[in-house]
Structures are given as C-alpha cells and as structure tokens.
Amino acid sequence: MRNAYLSALYDLAKKDSRILALISDNGTIVYDKYRADLADQFLNCGISEANMISVAAGLASCGKIPFTYTITNFLIYRAYEQIRNDACLQKMNVKFVGIGCGFAYSNLGPTHHATEDIALMRVLPNMTILSPCDPWEARKLTVAAAEIDGPVFLRLATGGTPKIYDEGYGFKVGQGVTILDGEDVTIIATGGIVFEVLKAVEELKKKGISARVINLHTIKPIDKEIILKAAQETRTILIVEEHSIVGGLGSAVSEILQEEGKVLIRFKRMGLNNAFPQGYGSHDDMKEMNGLSKGHICQAVETLLKEKEDVFNTSHT
Amino acid sequence: MDIKELEQKAVELRKMIFKTICNGGGGHCPASFSIVEILVVLYFKILNIDPRNPKDPERDRFVLSKGHAGVALYSALARKGFIEEKHMSTYGKKGTILGGHPDMHKIPGVEASTGALGHGFPFAIGMALAAKMDKKDYRVFALLGDGECQEGSVWEAALFAPQHKLDNFTAIIDYNKYQAMDRLETIIGLEPFADKWRAFGWAVKEVEGNNIEELLSVFESLPVEKGKPSLILAHTIKGKGVSYMIDEPIWHYRMPNAEELKVACNELGLEVKEGVVQ
C-alpha cells in the first residue's frame with residue numbers, strides 16, 4: 001500500500017511541479033527514487049511534525065500541493081492544532097498521508113499505533129478522509145487526493161498489504177463499493193482490515209451464511225445510500241475497523257442509520273473497545289489479540305444473526 | 001513619506017486602535033499599541049503591496065503571528081486602503097468581518113488566519129520557501145509576540161528557516177517583555193534572547209521597536225545577512241500611548257471604566273462622549 005502510494009505520488013509529481021513530498025524524517029529507502037529524481041520537490045522537514053504542517057500550509061497558500069507524510073500518530077496527534085487551524089480552517093490544499101494506521105506497526109507498540117485517527121480527522125470541517133483497502137485503491141486514492149482542492153487525510157497501512165483488486169473497478173470518491181453481495185448480513189469495513197473480513201466471509205459461506213461486504217474507501221464524505229440500502233436489504237450490519245469503536249467508521253455509519261434509517265436493524269461495531277492496542281507480534285497476531293481476526297468476525301456475525309432472529313421474532317409477536 | 005509623516009501615521013493608528021477596541025467591546029489594547037510603529041514602517045514604506053490587487057502573486061507577504069493584535073493590523077489595512085475605514089466601527093459586532101483575531105477569508109490583505117500562537121511564523125516560512133522554489137522576488141515578514149516564543153513550534157520553525165537559507169524572510173519579535181499575566185522573566189524568561197536566535201542561525205538586529213527612524217534603517221537594509229533569515233528583535237513598550245497601561249499586565253485584556261477612558265482619550269488626543277470614543 002505504501003509503495004503504491006509512493007509510485008502514484010512520483011508519477012503525479014513528475015507531471016506537476018506544484019506537487020511536493022514533505023516528510024518528517026521517515027522514508028528511508030522508500031523515498032530514494034523520488035528524492036533522487038525529484039529533489040526540488042522533496043523536503044525532509046526533520047522530526048518536527050507541527051512545523052511541517054504549518055510550513056505545508058504556507059506553501060499551499062502560494063499554490064503548492066504538499067503531501068505531508070509520516071507515521072500517522074505523529075502526523076495527527078502531534079500536529080492536530082496545525083491541521084485544524086492552518087489547513088482546515090484556512091482551506092489550504094495540504095494532504096496528510098498517515099502510514100501505519102491501525103496497528104500495522106504491530107510490534108512497535110501503542111506509541112506507534114493510530115487507532116483514534118478517523119475520529120479526530122472526521123470532526124474537522126473541510127477535511128476529506130480516504131482509506132484504501134489495498135495497493136490498487138491506494139494508487140487511485142492518491143491521484144484522487146491530488147485532484148481535490150483542499151485538505152485530505154489519506155489513511156494508509158504500511159508495506160505488504162495483500163491485493164484485493166486485480167483489475168480495479170469504476171472508482172469514485174465518496175462512493176462505497178460492494179465487494180461481495182449477500183443477504184443475511186452486511187459487513188462494512190475500511191482499510192487493510194477489509195482483507196480480514198473477506199477471509200471471514202469465506203468461512204461464513206461454508207456455514208451457509210450469505211454476507212454482503214461493503215468497502216468504504218471514503219469515510220468523509222460518507223456514502224449514505226449504500227449504507228441505507230444495506231440496512232433495508234439485510235437488516236443486520238456489522239462494522240469492522242482497525243480503530244477505536246468510539247468516533248470511527250462505526251460511529252459515522254450509526255449516525256446515518258439513526259437519523260435516516262427507516263427499518264429496525266441489528267447493528268454492531270467491532271474495533272478496539274475504548275482501549276489501546278494490546279500486545280506485540282505480527283500484524284495477524286495483533287488482530288488475534290485485539291479481537292479483530294477472521295474468527296472474531298465470524299463469531300460476531302453469528303451472534304448478530306442469532307440476535308436478529310430473537311429481535312424480529314419478538315417484534316412480530 | 002518622511003519620518004515625520006510616518007510618526008503622524010503612528011499617532012493616527014493608535015487612536016484608531018483604541019477607538020475600535022473600546023467601541024467594539026474588547027480587545028488587546030497594549031499588545032496592539034506596542035507594534036504600531038512596526039506596522040507603520042512595514043505598511044507605508046517597506047511592503048510591496050497594492051490594495052487594488054491584494055492577491056497579486058508577486059506581492060510581499062506579512063503575517064501577524066501574534067493574531068491577538070488584530071485590531072492594529074486592521075487599522076493599518078484600513079489606512080492603507082485594503083478595507084474601507086467604515087468597517088472599523090463594526091469591529092466585534094454581529095455581521096462584521098473584523099473579529100478578535102484576523103480571518104484571511106474575510107479581510108482583504110490578511111495573509112493568514114492567526115490567533116493560536118506559534119502558527120503564523122512557520123506558515124509564513126512556508127510562503128518564503130515557496131518564493132525560493134519558484135525563484136520569485138517577493139519577501140515575507142512575520143511578526144511574533146515575545147510570549148509566543150514560549151511555544152515549541154516557534155523553535156521548530158527557528159531551526160527550519162536557516163536550514164533553507166531563507167534570506168527573503170524576516171521575523172520581527174515584539175519584545176515588550178510582558179505576556180498575559182506578568183513579565184516574561186518571572187514566568188518563562190527568554191534571555192539571552194538575541195543569542196538564542198543567533199545560535200539557531202539567524203542574522204539578528206536589535207532595535208528600539210517604537211522608533212520609526214531606527215526601524216526604517218533596519219528594514220531598508222534587509223536581509224541583515226545574505227543567506228540567512230533575518231530576525232529583528234524589536235524592544236517595544238507594551239501599552240505605549242496610554243500611560244496607565246504600561247507596566248501593568250492586567251491591561252492585557254481589559255476595558256477602561258468611564259474615568260480611565262477619559263484619561264486614555266486625553267493622552268491619545270481623542271474625545272469621548274457618553275462613553276463612546278469619537
């Protein structure tokens with residue numbers, strides 16, 4: 001996912017000298033080609049995230065399109081007021097590219113995990129949030145970010161994200177994607193965890209459960225239609241996100257359902273339950289330890305379907 | 001415009017600031033007063049700007065990083081012709097474009113929306129960097145408060161600008177020695193202040209910041225040193241213009257009562273009728 005971003009950025013910057021790569025001393029090797037070929041459009045701002053964002057906003061005010069990049073929690077948590085005031089409030093064309101979203105930097109521990117970032121970025125006016133689930137989408141969303149005139153948060157995992165799309169699809173910012181259609185339950189997810197959801201769905205299929213999988217690569221603005229349609233048609237929605245259940249994708253979807261939903265549904269958010277990520281190990285180990293493995297997803301679906309039966313049986317009698 | 005005329009401008013600006021703040025129901029008077037001469041010299045002598053073309057890509061940029069002195073900036077912009085003077089009487093009132101801190105989207109001539117300290121300075125440095133990248137001749141100026149220099153982001157930016165040899169950039173520090181609650185030295189002192197900046201790679205000049213002649217001679221010979229950003233450490237008097245506001249931190253954000261209003265108006269050469277500054 002990271003490499004897809006970098007190759008897209010390289011191509012964009014080659015064509016458009018306004019595009020700049022700003023990093024906070026975090027891009028050894030991966031930025032080598034970019035900085036060798038596009039030295040004038042590259043700036044290592046040092047380990048000074050707040051300064052990087054304010055400088056980027058100043059550059060944007062003079063017509064540049066800076067893509068600021070570092071590990072998500074340093075980018076967002078450290079420099080939050082800069083993002084809010086200098087970019088969002090002043091409508092500056094600055095891109096925020098966070099890597100290691102969720103607990104992709106599994107063994108580095110919670111100081112290097114970003115599991116509240118969607119919540120923080122979602123509340124900022126003028127912000128667009130893009131969250132690719134695989135390398136193909138990362139490339140598409142990078143290009144899309146450059147085309148949007150305003151602040152964009154691009155939420156990336158790290159290297160080695162598995163491919164979901166071989167050939168892509170008719171992609172549009174703000175439009176969710178139904179990866180698999182199904183009738184019993186809808187699972188809505190975003191980012192790298194979509195892959196885990198697809199693995200879970202394979203298991204569920206063996207048990208005769210038909211799950212719809214919706215990938216929301218744009219978290220803000222959110223695709224209301226696809227959510228409301230899923231509620232109407234499957235009556236059961238499970239949200240899976242590598243993020244706190246507070247304020248993230250699940251909160252965003254539930255806001256839509258509360259205000260605009262027309263049918264009674266069962267609904268559950270899966271993510272970190274008001275907790276920091278626990279443990280060390282591989283990314284898969286972390287999913288296992290933090291309740292986000294395919295097994296956990298399957299279990300959650302089965303529980304929901306059981307509840308759905310109970311609820312609807314009760315409501316019918 | 002000669003020195004006498006610039007000094008007259010400073011007198012007018014102080015009047016406008018005081019009138020605007022008092023009639024508008026509140027603001028930072030002393031912090032606005034201390035930067036009057038700096039603004040006068042910049043706006044009427046140094047900055048290459050045109051009120052008829054406020055978005056000219058080739059213009060010089062000035063960023064008021066200490067956004068709480070917004071009324072001083074509005075006054076300079078009004079006198080320069082960026083905004084009509086009639087706006088000044090709407091300050092702080094419903095429907096106005098002039099709030100307690102400047103808004104770049106509402107006020108022609110305002111380059112950045114400031115108010116949170118430690119933001120405008122690096123923002124302006126980004127502008128100066130863009131000029132270097134585009135090989136353009138415009139210059140960028142940022143005015144900081146001394147208390148503002150307690151923000152960590154100021155020192156991140158202080159490291160950054162010399163690294164990129166931004167000699168098209170000038171930072172001015174309104175070194176009036178006071179922050180909101182007390183003298184800096186009793187809270188978080190910054191001395192040796194000029195040496196700190198020198199050590200960070202800035203070309204530093206110290207001036208009497210309320211002296212037009214001194215300011216002019218420094219601003220007319222920028223950059224202080226080729227290849228380095230310039231830092232003008234302007235020793236100023238917080239509250240200059242109203243005697244009782246000097247050396248009294250309580251006036252940082254406070255409005256005079258009826259009696260105090262009379263005294264201030266008398267000192268500034270203003271009249272007051274039924275509690276309204278004329």
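**Figure 1. Where chain A meets chain B.** In this predicted model, 20 residues of chain A are in contact with 19 residues of chain B. On the chain A side, the elements that give two or more residues are α3 (49–61) and α5 (80–89). Look to α3(A) for the biggest share: this helix gives the most to the side that touches chain B, with 9 residues. Sorted by class, the chain A side of the contact has 8 nonpolar, 8 polar and 4 charged residues.

**Figure 2. Helix α6 of chain B and its surroundings.** Helix α6(B) covers residues 152–163. A quick check on its geometry works out nicely: at 1.5 Å a residue, its 12 residues should span 16 Å, and the end C-alpha atoms are 17 Å apart, which agrees. Buried residues in this helix are B:S153, B:V154, B:E156, B:A157, B:A158, B:F160 and B:A161. What covers them comes from both chains, and includes α3 of chain A. From chain B itself, the cover includes α5 (120–133), β2 (140–145), β3 (169–175) and α8 (193–199). While you are here, glance just past α6(B), where B:K165 takes a positive phi of about 50°.

**Figure 3. A close look at B:V41.** This valine lies in helix α3 of chain B, which runs over residues 36–46. Is B:V41 buried or exposed? B:V41 has 28 C-beta neighbours inside 10 Å, and therefore counts as buried. Leaving aside residues up to four places away in sequence, B:V41 touches B:L6, B:I46, B:I212, B:L215, B:L216 and B:F219. For one of these partners, B:L215, the C-alpha atom is separated from that of B:V41 by 7.0 Å, although the two residues are 174 apart along the chain.

**Figure 4. The two domains of chain A.** The domain assignment splits chain A into domain 1 (2–155) and domain 2 (177–316). Taken over C-alpha atoms, the centres of the two domains are separated by 28 Å. Their contact takes 24 residues from domain 1 and 29 residues from domain 2. On the domain 1 side, α6 (117–122), β5 (128–130) and α7 (135–147) of chain A each supply at least two residues. The residues of that domain 1 side divide into 12 nonpolar, 8 polar and 4 charged.

**Figure 5. Helix α1 at the start of domain 1 of chain A.** Helix α1(A) takes in residues 2–15. Its 14 residues should span 20 Å at 1.5 Å a residue, and the end C-alpha atoms are 20 Å apart, so expectation and model agree. The buried residues of α1(A) are A:R2, A:A4, A:Y5, A:L6, A:A8, A:L9, A:L12 and A:A13. An α-helix has 3.6 residues a turn, so residues three or four places apart point the same way. Around α1(A), the buried residues pack against β1 (19–23), α2 (32–37), β3 (65–71), β4 (95–99) and α7 of chain A. You may recognise α7(A) from the domain contact, where α7 supplies at least two residues of the domain 1 side.

**Figure 6. A β-α-β unit in chain A.** Follow the chain through β11(A), helix α10 (residues 249–260) and β12(A), and you trace a right-handed β-α-β unit. Strand β11(A) spans residues 236–244 and pairs with β12(A) in the parallel sense, over 6 bridges. Which residue of β12(A) is the bridge partner of A:S244? That partner is A:L272. Strand β12(A), residues 266–272, is mostly covered, with 5 of its 7 residues buried.

Conventions:
Residues numbered from 1 in each chain as written. Chains lettered and ligands numbered in written order. Predicted model: local features only at pLDDT ≥ 70, side-chain atom pairs only at ≥ 80, totals over all residues. Helix = DSSP H or I, 4+ residues; strand = E, 2+ residues; numbered from the N terminus. Buried ≥ 20, exposed ≤ 12 C-beta atoms within 10 Å, placed from the backbone. Contact = placed C-beta atoms within 7 Å. Pairing = 2+ DSSP bridges. Right-handed = clockwise from strand over helix to strand, strands pointing away. Nonpolar A, V, L, I, M, F, W, Y, C, P; charged D, E, K, R; others polar. Expected span 1.5 Å × (residues − 1). Domains from an automatic or database assignment.
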